[in-house]
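Welcome, and thanks for opening the viewer. Keep the selection tool at hand, and we will walk through this model one stop at a time.

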Amino acid sequence: RRSSPRKQPTRTAQSTGRVCACACARRHWATTGMKARTVQVWLLFGARLLCQSNRLSLGGLMPLLAGELGLSIQAKGQLLAAFPLGYMFTQVLGGAASDRFGGKPVMALALASVGLGTLLLGGLGSFAAMWATMLVMGVMEGPSFPTGGVILGRWVPAAERATATAVSDAGGPVGALVALFLTPLLAAQVGWRLTLVFNGVYTLAFVALWLRLAASDPRSCTYITNGELDELTAAGVLVGSVAATGKPQAPGAAMPWRILWLPSVWAVFIGHIAFNYNRYLMYNWMLTYYTDALRVPVTEAGLYMFWPNFFDALLSFGVGRTADALAASGRVSTLSTRRVFAALGFLGTGVGAALLPLADSPAAATVLVTFASSMQACHNAGFKSSYGDLSQEYSGFLRGIGNTLGTGSSFVVPMLAAWLLELGGGSTEKVAWQAVFRSVLACSIVGTGCYVALVSTENVDAGLSVAATNRKDAKKEK
């Protein structure tokens, strides 16, 4: 006798269950009054904070770590350069993966890998093992920057772009605050090894929160309200983009290499290169400057490093709102806003760094470092927002290329700074730091000139789509 098969739930019933669950989540979320895109921006703030704090943790721990392992100046530079060396190899791949599959899973993998790597660092005792671990951590964290840009591009309207970019990117200086201020203080009490373990644990805890609340785009979010969906559609966020269908790009989708011929794209790339050179020189070497050149104890140096990163983070929140308000007022164009804020960011950092050799006390040096570092927040309304201006469809690809080039400069700068210091007599000689800080001014001048002369706010997505269609038609005719 043939037994009757067990009745399986139909696809319609399963779909209905998901729809009901989403509807319940939306009704619950509507009572909180918080928009879903605001949640995404703050999740990106947290992701940026953790990526930056883990990346810079060795810089904050270097005085203690170098003393225990007996590292030379060159060894310090090589260890600090290991992370950016790996980091720059997965930018384009990570950006393309985020464009195709969505940013949520890509960012989760990056954060989890970095958290596990930081845990492992706490148990290592040789230079070679630490260098290799930092290299792999860089490889795995590489997709984080372009992925964040993809998520912003699929969630945030153009009128809110500078504000959202500023808030999410403020996680960078806050992460630096954790790495260069709190980390040395904790390490002085429990040691650098346990400090790294603690960093790894709270990074993995955040991954669980990310998996619960993050969404690659509005249509895949379970708690976004219908009202916010309508608002984003009216603002043009969902129309004509990958997020409009809620589907990933087709596996055969071609990368838009033609975009690399545009001068406006290279304006952003050159700005990114100059920014990374300045930022990571300040991040990686300032604690050594305090301890070696200014003869400040490591715990006291950590206290001095609080102020540059605090004001950098504080200014980041205000810059975006100011830029969006200026553009919305109609008195200043978006293009002029981008140029002005980029020039302020570059020249403010360069002048502040160039004046550092004149400082005759840790307090005076801190004032100049604070000015130089906090002015970098202006880039949130400058070249960083230009990525979103240029493209939304291929934002991950574009940011991947730009951050690969930028990471190249952050890979070079630790070793270049070490070479300049040795050439000048060592890190304990204040005169040796003059060439290091003057290189920041030179880089800033080049970055300002190229960005201001070449930048544009014209979106290139439509042109790329038309060109791709024309090429397909031409192939069919042949």
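## First stop: a partly exposed glutamate

Select Glu-231, a partly exposed residue with a relative accessible area of 32%. Bear in mind as you look around that this is a predicted model.

Now add Lys-35 to the selection. The side chains of Glu-231 and Lys-35 form a salt bridge, 3.2 Å from N to O. Glu-231 belongs to helix H11 (residues 226-234) and Lys-35 to the loop between helix H1 (11-30) and H2, so this pair ties together parts 196 residues apart in sequence. Lys-35 is partly exposed too, at 36% relative accessibility.

## Next door: a buried pair

Which residue forms a salt bridge with Arg-37? Select Glu-228: the closest N and O atoms of the two are 3.2 Å apart. Since Arg-37 sits in helix H2 and Glu-228 in helix H11, the pair ties together parts 191 residues apart in sequence. Both Arg-37 and Glu-228 are buried.

Add Glu-160 and you have a network of salt bridges linking Lys-35, Arg-37, Glu-160, Glu-228 and Glu-231. The structure holds 10 salt bridges.

## Along helix H2

Select residues 36-69 to light up helix H2. At 1.5 Å a residue, its 34 residues should span 50 Å, and the end C-alpha atoms are 47 Å apart, which agrees. Then zoom in on Met-62, where H2 has a kink of about 70 degrees, shortly before the proline Pro-63. Is H2 largely enclosed or not? Of its 34 residues, 27 are buried, so H2 is largely enclosed by the rest of the structure. Just after H2 comes Gly-70, with a positive phi near 65 degrees.

## Helix H12 from end to end

Select residues 263-293, which make up helix H12. We will visit three of its residues.

- **Ser-264.** This residue of H12 counts as buried, at 10% relative accessibility. Beyond its neighbours within four places in sequence, Ser-264 is in contact with Leu-390, Leu-454, Val-455 and Ser-456.
- **Arg-279.** Show Asp-312 as well, because Arg-279 and Asp-312 form a salt bridge, with the closest N and O atoms 3.0 Å apart. Arg-279 lies in H12 and Asp-312 in helix H14 (residues 306-329), so the pair ties together parts 33 residues apart in sequence. Arg-279 counts as buried at 2% relative accessibility, and Asp-312 counts as buried at 2% as well.
- **Ala-293.** Also in H12, Ala-293 counts as buried at 6% relative accessibility. Leaving out residues up to four places away in sequence, Ala-293 touches Thr-288, Ser-427, Thr-428, Lys-430 and Trp-433. Try a distance to Val-431: the two C-alpha atoms are separated by 9.1 Å, although the residues are 138 apart along the chain.

## Out to the surface

Turn on the surface and select Leu-186, Val-190, Leu-194 and Phe-198, which make a nonpolar patch of about 360 Å². Helix H9 (171-190) and helix H10 (192-213) each supply at least two residues of this patch. Phe-198 has its place in H10.

## Zoom out

Finish with the whole protein in view. The protein has 20 helices and zero strands. Of its 478 residues, 55% are buried. Among contacts with a separation of 6 or more, 85% join residues 24 or more positions apart. The accessible surface comes to about 19,800 Å², with 66% belonging to carbon and sulfur atoms.

How values were computed. Residues numbered from 1 in each chain as written. Predicted model: local features only at pLDDT ≥ 70, side-chain atom pairs only at ≥ 80, totals over all residues. Heavy atoms only, no water. Helix = DSSP H or I, 4+ residues; strand = E, 2+ residues; numbered from the N terminus. Buried < 20%, exposed > 50% of the residue type's maximum accessible area, 1.4 Å probe, protein only. Contact = heavy atoms within 4.5 Å. Areas by Shrake-Rupley, 256 points an atom, 1.4 Å probe, with all protein chains shown as cover. Expected span 1.5 Å × (residues − 1). Bend = angle between axes of the 7 residues up to and from the residue. Patch = residues over 30% accessible without salt bridge, like charges linked within 9 Å, V, L, I, M, F, W, Y side chains within 5 Å. Salt bridge = Lys/Arg side-chain N within 4 Å of Asp/Glu carboxyl O.
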